[in-house]
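Trainee: Could you take me through one part of this protein up close? I'd like to start from a single residue and then see how the rest fits around it.

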Amino acid sequence: MSLHESLIRSTISANKEILAERACIEGATKLGKMLKSLDDMTLGVVNTQPVSAVLRNTAIYPPFPHELAGGHSIQESDLIPRCLSAIDVFCQLEGSGKWPDAPAAYSKMKAALGVQLAQSLKSTYGIDAHASEKFVDVLFEGFAYRIILFSERDVAAVQKKAKSVGWSVISPEENIPLRQDHQGLISSLVAAHPSFKNCCRLSKLWVNRQCLGNHIREEAVELVCAAAYTTHVDIGTQCPASSSAGFMAFLDIIANHPWDVQPLLLDRSIAEEAGRLMIRLRAVGRAPAMFIVTGKRNEGDTVNCVGWTQDKPSKAVMFRARALAKKAIKIMHRYILGSARDGSTHSLPEMVFSHPMKDYEVLIRLRKDALDNMVNQNRFAAESESGERVSIKATLLPEESKYCRAVLSGIPRTLIENKGAKAIRKDLLIGFNATEIFATLLEEKYGPVAITCVDILGGNTIGLKIKPKFLAPHEYNPDYSCPIFDPMDIGQNKVAINFEAFAQDILSVGAGFVDSVDIQTQ
């Protein structure tokens, strides 16, 4: 059984996956033409550019057309998903000298143009669009396209800020030039190498199944795959001819690249300059653990570390990623040689993509009936576990349980038939990933004490890895506000983790969303 089997969801055929991706790309192209044809805007639309993974053919699982967004559903279920993936599309406005100088006023003016754009789409084409402070969500042909307005002034402002305070303080999600360059780079590699697309998908799937999806951005994974097809190809040899070979090259880079002393380059001509940059950043303690440099945007620009890894992963997470990659490489080598098949009941995807959850001191089990991502489950186990644990179950009032299940699990078809699609459409949640949001809450509250690891793609278990310092009695720090510590000896300022109190606190934070908390006993 090949690795590609893992890219197929358990309830959806491969053909439907392809049709969904194609429909999404075609919808974005049509919408772009409509936006540029609007003639009743104060400032017209000059250009549109997709900046989402599905629109560069590297999404692990493309979103499906949604009935309430004007599409024809390809899923057979009594429940229609309530949560839609947001597909980002940049929309460049005409230049103007009348923009206000104050940043706050400029943002308000751009938001007003977003309202005008939503109204224009509704009146001209009858498309359902909703404007907010930072973007416009458009429901078109079954998908939710998130239109992000910008002008030349936004690009200039980002570059000016980078020169004064450095690129590291600019969020990559708000860095327009970074996202534009990344889209162009990855799209060109997809067009040049037929196997690159599935190499990215396999690599991202592996990262998520190892519960590292909340630590390593998918753009960073794509850049490592890009290095496997460009700068890490040995002289005299060819780049990976298959996606499986590309995936192995990805694992090899993660496991064996000297991340501590050498940046990962996508342009060999800037090797010397990139090395000096890494030395400067390490001297001031600002060098990222995953140091990637793509190249210069324009001739004469200075080399900068790619923003997708500026704040994560941490050194501890990168150390774990390297260890897991080495383990996966050994499994694949043994399987290729045939030694792993003798007497084994597990397939290659099961062995490569399964994850040992026994490594975590605390496991948080989420309610499957309250999750919106269970459609992304594939046919292979995402975790393996051993070791004894004590499970503490959540206790909810009936109305609390019903409310959470109703919000996230889906919309019954009978309800749509009774109330009508128009009345129900306003209840859709666009760009809402409950698992990812909950993992962020855990990181904010327990970040000093534990590392939160989760498969944000389709997992229903969150692992908490307690930092070594806190596994033994330690000095009390009042900055750690979470109420999970018990004092040790009277008169000493030492505390230890009370795991039962820890579990109860987690159940309180995730009330209605968490089913149980399992604590390791040995």
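Mentor: Sure, let's start with aspartate 518. Its relative accessibility is 9%, so aspartate 518 counts as buried. Keep in mind as we go that this is a predicted model. You'll find aspartate 518 in strand E19. What does aspartate 518 touch, once you skip residues up to four places away in sequence? The list is Glu361, Val362, Leu363, Arg365, Arg389, Val390 and Ser391. With one of these, serine 391, there is a polar contact between the two side chains, at 2.9 Å. Now look over at phenylalanine 499: along the sequence, phenylalanine 499 and aspartate 518 are 19 residues apart, and in space their C-alpha atoms are 9.8 Å apart.

Let's move on to the aromatic rings. The structure holds nine aromatic pairs. One of them is phenylalanine 247 with phenylalanine 353, a stacked pair with 6.0 Å from centre to centre and 15° between the planes. This pair links distant parts of the chain: phenylalanine 247 belongs to helix H7 (residues 243-256) and phenylalanine 353 to helix H10 (residues 348-353), 106 residues apart. Are these two rings buried or exposed? Phenylalanine 247 is buried, because its relative accessible area is 0%, and phenylalanine 353 is buried too, at 3%.

Another pair brings us back towards strand E19. Phenylalanine 438 and phenylalanine 513 meet edge-to-face, 5.6 Å centre to centre with 75° between the planes. Here too the pair links distant parts of the chain, 75 residues apart: phenylalanine 438 is in helix H14 (residues 434-446), while phenylalanine 513 is in the loop between helix H15 (499-509) and strand E19 (514-520). Phenylalanine 438 has a relative accessible area of 4%, so it is buried. Phenylalanine 513 comes out at 8%, so it counts as buried as well.

Now go back to phenylalanine 247, as there's more to see there. Together with Trp206, Phe250 and Phe353, Phe247 forms one aromatic cluster. Some of these names come up again in the largest nonpolar core, which has 61 residues: Trp206, Phe247, Phe250 and Val352 touch the most other members. Several elements each supply at least two residues of this core, among them helix H4 (176-192), helix H5 (196-209), H7, H10 and strand E14 (450-454). Which element gives the largest share? That's H9, with 10 residues. For a closer view, pick phenylalanine 250: leaving aside neighbours within four places in sequence, phenylalanine 250 is in contact with Ser203, Trp206, Val207, Val221, Val224, Cys225 and Ala228. There's also a second, separate core of 31 residues, which includes Val45, Val89, Tyr106 and Ile147.

Tyr106 has a charged partner worth finding. The charged end of arginine 153 sits over the ring of tyrosine 106, 4.5 Å from its centre. Arginine 146 does something you can look up in the same way: arginine 146 lies over the face of phenylalanine 135, 3.9 Å from the ring centre.

Finally, zoom out. The protein has 15 helices and 19 strands, and 49% of its 522 residues are buried. Of the contacts between residues at least 6 apart in sequence, 74% join residues at least 24 apart. On the outside, the protein exposes about 24800 Å², with carbon and sulfur atoms supplying 53% of it.

Note on methods
Residues numbered from 1 in each chain as written. Predicted model: local features only at pLDDT ≥ 70, side-chain atom pairs only at ≥ 80, totals over all residues. Heavy atoms only, no water. Helix = DSSP H or I, 4+ residues; strand = E, 2+ residues; numbered from the N terminus. Buried < 20%, exposed > 50% of the residue type's maximum accessible area, 1.4 Å probe, protein only. Contact = heavy atoms within 4.5 Å. Areas by Shrake-Rupley, 256 points an atom, 1.4 Å probe, with all protein chains shown as cover. Phe/Tyr/Trp six-rings, centres within 6.5 Å; stacked < 30°, edge-to-face > 60°. Lys NZ or Arg CZ within 6 Å of the ring centre and 35° of its normal. Core = buried A, V, L, I, M, F, W, Y, C linked by side-chain atoms within 4.5 Å. Polar contact = N/O pair within 3.5 Å; in protein donor to acceptor, adjacent residues only side chain to side chain.
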